[in-house]
Amino acid sequence: MSKNIEYGNVDEHYLEKRQLKKGAAGWILLAGLGVAYVISGDFSGWNLGLAEGGWGGLLIAFLLMGLMYVCMVFGLAELSSTLPTAGAGYGFARRALGPLGGFATGMAILIEYTMAPAAISTFIAGYVQALGILPESVPTWTIYLVAYAVFIGIHLWGVGEALRLMFVITAVAVIALIVFVVAAVGHFDASNLFDIEPTGALGSSAFMPMGVSGLLASLVFGIWFFLAVEGVPLAAEESANPKKDMPRGIITAMAVLVVFGALMLLLVPGLAGASAMGESDNPLPEALRTIYGENSVLATFVNWAGLAGLIASFFSIIFAYSRQLFALSRAGYLPKWLSLTGKRKTPVLALIVPGTIGFILAIAVDGNGGVLLNVAVFGATVSYVLLNLSHIRLRVKEPDLPRGYRTPGGVVTTSIALVLASVAVIATFFVDILAAGIAAGVFLIALAYFWFYSRHHLVASAPEEEFAQIEAAEKGLK
């Protein structure tokens, strides 16, 4: 046990008031959850990378970040089968890197998961406005408000119900992607991929018009194809058999996301041009309208179903931030009142508080989801550095720890992810140095809160802390 932390006193009913519903999700629901976290990234957001690095720059970014995620997901499959708690990333890092490392990882994930729904809410507004179903006089903030209110409300209803509804919404979005592929493939024109003029920057060409700096900036948007898939282990305490279900669920989700991401990157700009798609807030319907006309039934269907895809990610990441905040609060790293659960075993305040912050920020950026996206990616990439370090550290530190799954390639695999994640952290400053700087400032303030206050008031009976105490006791016996 670390000498730098202290455990505070809690009443005997502390954990009874902080219980999640067990056995609500099997591996199929977990795979659906993994796809749902990310599927909005296929419908909007990634295409902004075309304006940063051109199609070639975004393609290289997709390949590098795809490799990073595949390697990291194999590591997370091992960690989640070994330490199945609602803390997930924070819990893994807590065991491997100690209290400070655990809290830092949890806070980075919390920044990611608070910002991502805020960014997605602006993309939801773009798809709603493209459908023309609301009068132009309706302010966009009302769309953000309705999205947050309705989907936080469903999560308050219950986790099993929420996950099943999320699975249905995700299935609709997957059907939309398949319909888009079928409708687009016959109209693909490779010349459309290279319609951005080279800028003359270092390394610029028709393939990579913004050169090396554009490629670095594109890494952030390459991440958007996969951002938040690492949230699957957050459902560990609510899964039926985490040792088997977690690896199967997260790896299946990753395979689906790689296929769809590659198809969207190729077909969307291949229909309507990289230049036009780099500025669109509803790229899939707009690409189809370019080919089939403004009144295209196909485009309208994909627009509606694309809205379902955005909602699926918005809906599921709300689940993710609530579980991460719940775990950090339950263990005393953040105020303990944030982890109280209601009659239906859902963390009420852990759902509402980050949602309120995200709603306010969505209004503050005036619909510029790219700013929020960059902040989300900053939090994500910092957490990825720490998560991959955690896998490597646990393999070295505790080689005999019982593991339900072992990462192919071991520490070599997660070392590749570690290097790529470190580069991606730097890339966020190339896109928007102010947004990334503010995110870094918030992260440092959180670390100061831990150092000066919460490390003196942790809860020994929280599952993630119990793992650490068991480890310390085992060392004592040896």
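Which helix holds Ser390? The views below take up this residue and several others in a predicted model.

**View 1. Ser390 in helix H13.**
Ser390 lies in helix H13, which spans residues 369-397. Its relative accessible area is 0%, so Ser390 is buried. What does Ser390 touch, once neighbours within four places in sequence are left aside? Ser390 is in contact with Phe92, Ala93, Ala96 and Leu97.

**View 2. The whole protein.**
The protein has 16 helices and zero strands. Of its 478 residues, 59% count as buried. Among contacts with a separation of 6 or more, 84% are between residues 24 or more positions apart. The protein exposes about 17300 Å². Carbon and sulfur atoms supply 68% of that area.

**View 3. Tyr69 and Phe226, an aromatic pair.**
The whole structure contains 21 aromatic pairs. One of them joins Tyr69 and Phe226. Their ring centres are 5.3 Å apart, with 40 degrees between the planes. This pair is tilted. It links distant parts of the chain, with the two positions 157 residues apart. Tyr69 belongs to helix H3 (residues 48-82). Phe226 sits in the loop between helix H7 (211-223) and helix H8 (242-272). Are these two rings buried or exposed? Tyr69 is buried, at 0% relative accessible area. Phe226 also has 0% relative accessibility, so Phe226 counts as buried.

**View 4. Phe225 beside Phe226.**
The rings of Phe225 and Phe226 form a pair, with centres 6.3 Å apart. Their planes meet at 50 degrees, so this pair is tilted. Phe225 has a relative accessible area of 0% and is therefore buried. Which residues do ring pairs link into a cluster here? The members are Trp46, Phe62, Tyr69, Phe225, Phe226 and Tyr384.

**View 5. Gly306 in helix H11.**
Gly306 is placed in helix H11, which covers residues 297-330. Its relative accessibility is 0%, so Gly306 counts as buried. Which residues does Gly306 touch, not counting those up to four places away in sequence? They are Phe43, Tyr127 and Ala176. Tyr127 is 179 residues from Gly306 along the chain. Yet the C-alpha atoms of Gly306 and Tyr127 are separated by 7.6 Å.

**View 6. A nonpolar patch on the surface.**
Phe429, Ile433, Leu434, Ile438 and Val442 make a nonpolar surface patch. The patch measures about 490 Å² by calculation. Which helix gives the most to it? Helix H15 (residues 433-452) does, with four residues. Phe429 is found in helix H14 (residues 411-431). At 31% relative accessibility, Phe429 counts as partly exposed. Why does Phe429 count as partly exposed? Its 31% lies between the limits, because buried means under 20% and exposed means over 50%.

**View 7. Arg455 over Trp451.**
Here a charge sits over a ring. The charged end of Arg455 is placed over the ring of Trp451. How far is that charged end from the ring centre of Trp451? The distance is 3.9 Å.

Key. Residues are numbered from 1 along each chain as its sequence is written. This is a predicted model: local features need pLDDT of at least 70, side-chain atom pairs count only at pLDDT 80 or more; totals for chains, interfaces and linings use all residues. Side-chain values use heavy atoms; hydrogens and water are left out. Buried means under 20% relative accessible area, exposed over 50%, partly exposed in between (1.4 Å probe, protein chains only). Contact means heavy atoms within 4.5 Å. Patches are made of residues with over 30% relative accessible area and no salt bridge: like charges are joined within 9 Å, nonpolar side chains (Val, Leu, Ile, Met, Phe, Trp, Tyr) within 5 Å. Accessible areas come from the Shrake-Rupley method with a 1.4 Å probe; for residues, only the protein chains shown count as cover. A salt bridge is a side-chain nitrogen of Lys or Arg within 4 Å of a carboxyl oxygen of Asp or Glu. Rings of Phe, Tyr and Trp (its six-membered ring) pair if their centres lie within 6.5 Å; planes under 30 degrees apart count as stacked, over 60 as edge-to-face and the rest as tilted. A charge sits over a ring if NZ of Lys or CZ of Arg is within 6 Å of the ring centre and within 35 degrees of the ring normal.
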